[in-house]
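I'm opening my notebook on this model and jotting down what I look up. Helices come first, then a pocket, then some charged pairs.

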Amino acid sequence: MRTILITGQGGSGRTTVAAATAVAAAREGCRTLVLSADRTDSLGAVLGTPTGAEPVPVGPGLTAWRPDAAARFRADLVAFQERAASVLDLLGAGRLDAEELTPLPGAEELALLRALRDAALSEAYDLLVVDLPPLPQALALLGLPEELRRYLRRLLPAERQAARALRPVLGRLAGVPMPSEWLYETAARWDVELAAVAAVVDDPGTTVRLVAEPGPAGADHIRVAGVGLALRGLPVDALVANRVLPGDTSDTWLAGLVAQQDKTLSEWRATHPVREVAHLGRDPRGTDDLTALDVPPAGDRPARVEWPVTDRLADDGVLVWHLPLPGAIRDELDLVRRGDELVVTAGQFRRIVPLPSALRRCTVDGAALRDGELRIRFAPDPRFWPRTR
């Protein structure tokens with residue numbers, strides 16, 4: 001199955017491009033689902049078909065779905081209260097009724113991740129087109145499963161047999177009941193669900209499609225987006241330059257905008273696979289308008305971004321970890337080693353990644369940014385490497 005994640009510049013027409021991509025794929029005979037997390041039905045307005053909590057058919061081979069974050073949030077919190085009843089009663093906490101619950105910020109994004117997982121597991125579609133929020137919100141959303149799984153492993157590690165055995169003793173000493181088995185069961189269930197979402201994001205069939213309007217603001221946004229996507233190891237299959245104005249115009253004011261767009265497009269073509277989408281002169285509405293946009297098809301999948309380790313022990317006595325970060329600025333980079341993990345910060349983006357097994361027995365010997373690639377040197381730690389004669 002193929003998954004295309006649509007994100008990019010805010011206000012650049014991401015939802016329209018996502019809908020047009022889905023329409024184009026469906027017309028080619030591909031069973032397609034387009035997903036959106038918007039609280040308002042902007043996806044339905046573009047498609048000409050209202051969307052909601054259940055998947056709705058839009059046309060032959062095309063389905064649209066806008067998950068109901070409020071309903072799922074209420075169901076989850078009510079279920080949590082039932083399972084934590086003993087602890088809540090001990091604390092004297094009052095129960096919340098489903099009718100008085102409103103979704104917290106971020107509930108729409110969590111509902112979208114669950115819908116993405118459910119759609120991938122259903123095997124009912126050949127292509128998933130996901131209308132994501134603008135960057136960097138989209139990157140934070142895509143990194144959420146990985147981060148939450150890391151938190152769960154730290155707070156409730158798998159090696160908990162000792163805690164189980166000591167729970168009655170600790171409960172008597174503390175005078176309050178220790179967390180019951182359901183806490184670990186809930187954590188295990190969450191870990192499985194998060195792993196399923198992460199598997200979709202990390203799948204070789206998942207790519208990102210960036211949407212931006214050519215111009216100074218769009219150029220800045222795409223540069224920042226490239227750094228964040230590279231840090232997540234997500235490949236870009238196309239950069240959609242949306243609302244491109246016609247070049248043959250006699251209007252002086254429009255001619256200035258056209259020249260500005262041409263300059264940006266020329267810069268983008270040097271670093272990205274660019275696809276221009278013309279301005280229709282109106283807001284697209286309905287499948288006919290979306291077809292007229294002529295967005296790029298799903299196409300071939302670009303290779304995933306690799307972070308290889310090269311062995312330079314014989315020449316320089318180090319192992320080098322290569323992290324491609326095109327567009328990164330040296331002064332905005334920061335590295336922190338924490339045990340077997342490396343905290344990498346590039347501008348406004350941060351990711352905590354586990355070290356490859358060979359590098360865990362090394363110490364950081366330095367780092368350098370060259371030609372858009374961060375190269376981190378690791379020297380073998382004599383305490384863990386076998387001695388050679």
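**Helix α9.** I started with helix α9, residues 216-232, which has 17 residues. Helices here are DSSP runs of H or I with at least four residues, strands are runs of E with at least two, and both are numbered from the N terminus. From its first C-alpha to its last, α9 reaches 25 Å, close to the 24 Å expected at 1.5 Å a residue. The expected span is 1.5 Å times one less than the number of residues.

Before going on, I noted that this is a predicted model, where local features need pLDDT of at least 70, side-chain atom pairs count only at pLDDT 80 or more, and totals for chains, interfaces and linings use all residues. Residues are numbered from 1 along each chain as its sequence is written, and side-chain values use heavy atoms, with hydrogens and water left out.

Is α9 mostly covered or mostly open? It is mostly covered, as 12 of its 17 residues are buried. Buried means under 20% relative accessible area, exposed means over 50%, and partly exposed is in between (1.4 Å probe, protein chains only). Among the buried ones I found H221, I222, L229 and R232. Right after α9 comes G233, whose phi is positive, near 70°.

**Helix α6.** Next I looked at α6, which has 19 residues and reaches 25 Å from first C-alpha to last, close to the 27 Å expected. Where does α6 kink? I found a kink of about 45° at L144, shortly before the proline P145. The bend at a residue is the angle between axes fitted to the seven residues ending there and the seven starting there. The buried residues of α6 include P145, along with E147, R150 and L152.

L152 led me to a neighbour in another helix. A188 is found in helix α8, and its C-alpha is 8.7 Å from that of L152, though the two are 36 residues apart in sequence. A188 counts as partly exposed because its relative accessible area is 40%.

I checked another pair of this kind. A19 sits in helix α1, residues 14-27, and its C-alpha is 7.0 Å from that of L43, with their positions 24 residues apart in sequence. A19 has 0% relative accessibility, so it counts as buried.

**The second largest pocket.** Then I went looking for empty space. Rolling a probe the size of a water molecule over the atoms shows where empty space is left. The second largest pocket has a volume of about 650 Å³. A pocket is an open set of points on a 1 Å grid over the protein atoms alone, where a 1.4 Å probe fits and protein lies on both sides within 12 Å along at least five of seven lines; lining residues have an atom within 4 Å of a point. The points are joined across faces, edges and corners, and the volume is the space filled by probe spheres set on them.

Which residues lie nearest the centre of this pocket? They are E146, D202, R351, V353 and P354, out of 24 lining residues. α6 (137-155), α8 (181-202) and β13 (349-354) each supply at least two lining residues, and α6 gives the most, with 8. By class, I wrote down 11 nonpolar, 2 polar and 11 charged residues. Ala, Val, Leu, Ile, Met, Phe, Trp, Tyr, Cys and Pro count as nonpolar, Asp, Glu, Lys and Arg as charged, and the others, Gly among them, as polar.

**Salt bridges.** How many salt bridges does a search of the whole structure find? It finds 20. A salt bridge is a side-chain nitrogen of Lys or Arg within 4 Å of a carboxyl oxygen of Asp or Glu.

- E193 pairs with R117, closest N and O atoms 3.6 Å apart. This pair links distant parts of the chain, with E193 in helix α8 and R117 in helix α5 (residues 107-122), 76 residues apart. E193 is partly exposed at 23%, whereas R117 is buried at 10%.
- K263 pairs with E267 at 2.9 Å. Both lie in helix α10 (residues 252-269), 4 residues apart, about one turn of the helix. K263 is exposed at 55%, while E267 is partly exposed at 40%.
- D365 pairs with R377 at 3.9 Å. D365 is in strand β14 (residues 362-370) and R377 in strand β15 (residues 373-380), 12 residues apart.

My last entry is a network of salt bridges that links R2, R209 and D237.
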